[in-house]
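Here's a quick tour of a few spots worth a look, starting with the cysteines. Have the model open and follow along.

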Amino acid sequence: MRYFCTFFDHRYLPKGLALYQSLILHCSHPFQLSILCLDRPCHQTLSQLNLPFIQLIELSELEQADPALLRTKTERTLAEYYFTCKACLPAYLFEQQSHIDFLTYLDADLFFFSSLDPIYQATADYSVAITGHRFSPANQSLEVFGLYNAGWMAFRRDTQGLACLRWWRERCIEWCYDRVEGQRFADQKYINLWPALFQGVLALPHKGTNLAPWNIDNYQITRRDNQLWVDEQPLIFYHFTSLKEDENGQLSIHLSAQQFIQGQLKPALHWMFEHYIHILKQTKQLIAPLLPQVSLSYSVRGQPIPAHTAQPEFHVSALNNPQPASPTISKSPTQQPSPNPSIQQSSPHQNRTGLETLIAQMEATLLPHPPQNSTQKNPNSPIPQTPQLTSLATNNPRRQVSLLIVQPEIIDLINQQHTVEALQSLETQIRSQPTHAAAHNDLGILSFQIPTAREKALQHLEQAAHLQPQQLVFQRNLAYGYRMLKRLNEALQIFSKLAAQQPQQVEWLINCAELCQALAQPEQAQDFWQKAAQLDPKIKAT
């Protein structure tokens, strides 16, 4: 199991979800991503999306567990308070979850482009891992902000790892301001001292880790074999810092002139930014029905912390209402009208992509056929325009789940309403590469939407899970496929294994409880319900 944590507010939701998608695609092991939601709209939106492998933490939970953090709130700006939270979050997770052995913090604007395995191989014998800024000659003046970047770091649950984390948290509680003052800058410059103060600290040597605007000039970036390369090493993750949206909806990338040829971005970088921006736009569309005011342009730098009694003026539409959707986007749960006239005049189902329609139905009753409001290229086609998330029944009419299509090129085809082309592409992939697990997974999910093809679809899901048994996403998709086809014992077997691997994941426990009930195993069902209720107080252990 691999453990990650990050934090963001509603302003960074699209970037945070893009990070999550990249982990789904490139983390080869089961994982848990703990997200500290820095404001209420962020927590409400993620709660309603109910995505797998994610644990949500409200800011008030962290503040209650760490009173020293809360005391700093009155003397720091919003950004400075967020910086302070960064050191407190992993300390909180180590204290609350004793099963975490190695925890990696990720800034929300990171994005993975290839396997994380080289990182885990390099850090196997270390207590702490960090990444240097590796400033290019043109950016050497930025060293005043620190030799190392606070956007990625990892701690092991051992004497040195916990001591380093404890020291960092204490320093950030003492002083964490958005200015350079001697050997201090925010939460970041403290990292300069870690290699001298603690044993077992590794600065990752891999060129493909934490590539960013401040160091990209050091390397030759190329793309070959559908992989980005940093000199001779694969790009593992890029730090998309300062990527902001202007008033015309264009995103600025902030690169030096060295990365352009005759005014045009170099081909490999053009593909990298185009790919990331495309995913950002997808995720922004995904949450737009829930949080219409989401924007990539706003910065909290220099902003004061809102008064505790003042609530942010953001409206999160409720998806868990069993009644037909209202044409008004409203606050949950009071159902008050939105102040935006353009929102009030249009139905939430109008002009939606298939993705938005599916997300809007996540807590609604499932239908065994494509949603009537899905946007389809051919209205007579039996194949729904299923984007990145697709729906399956779970034998529970109150609950709907989302299965993940993992290949970006297939997601692109579906979002362009080219589902038939996506199916043909997947079939071609499997003919030429019979052991292509992701292709089997994606073809299985798409084919599952055709009632007469579900047995064949299940075979593809089984093949994906067989080819990559460590890939938790494929196991999860297969388990839900078994549920859909009433093969409950096989579904229970997988969900039980998932629950053993991820005992803090409520989704697995609920499925085990429901399946035990359906299989007339009341004592086992009660046990799973009790475990789920301990993790989520809203669940009744009945």
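C85 is buried, at a relative accessible area of 0%. This is a predicted model, and a search through the whole of it turns up 0 disulfides. Why does C85 have no bond to C88? The closest cysteine sulfur to that of C85 sits in C88, 6.3 Å off, and that's too far for a bond; a disulfide needs the two sulfur atoms within 2.5 Å. C516 is in no disulfide either, with the sulfur of C512 as its nearest cysteine sulfur at 6.4 Å. C516 is buried too, at 2% relative accessible area.

Now for the helix side of things. I445 belongs to helix 14, which covers residues 437–447. Is I445 buried or exposed? It's buried, with just 1% relative accessible area. Along the chain, I445 and L458 are 13 residues apart, and their C-alpha atoms are separated by 8.4 Å.

On to the surface. L142, V144, F145 and V180 make a nonpolar patch there of about 260 Å². One of these, V180, lies in strand 8, a run of residues 180–181. V180 counts as partly exposed, since its relative accessibility is 35%, which falls between the 20% limit for buried and the 50% limit for exposed.

Here are the accessibility values side by side:

| Residue | Relative accessible area | Class |
|---|---|---|
| C85 | 0% | buried |
| I445 | 1% | buried |
| C516 | 2% | buried |
| V180 | 35% | partly exposed |

Terms used: Residues numbered from 1 in each chain as written. Predicted model: local features only at pLDDT ≥ 70, side-chain atom pairs only at ≥ 80, totals over all residues. Heavy atoms only, no water. Helix = DSSP H or I, 4+ residues; strand = E, 2+ residues; numbered from the N terminus. Buried < 20%, exposed > 50% of the residue type's maximum accessible area, 1.4 Å probe, protein only. Patch = residues over 30% accessible without salt bridge, like charges linked within 9 Å, V, L, I, M, F, W, Y side chains within 5 Å. Areas by Shrake-Rupley, 256 points an atom, 1.4 Å probe, with all protein chains shown as cover. Salt bridge = Lys/Arg side-chain N within 4 Å of Asp/Glu carboxyl O.
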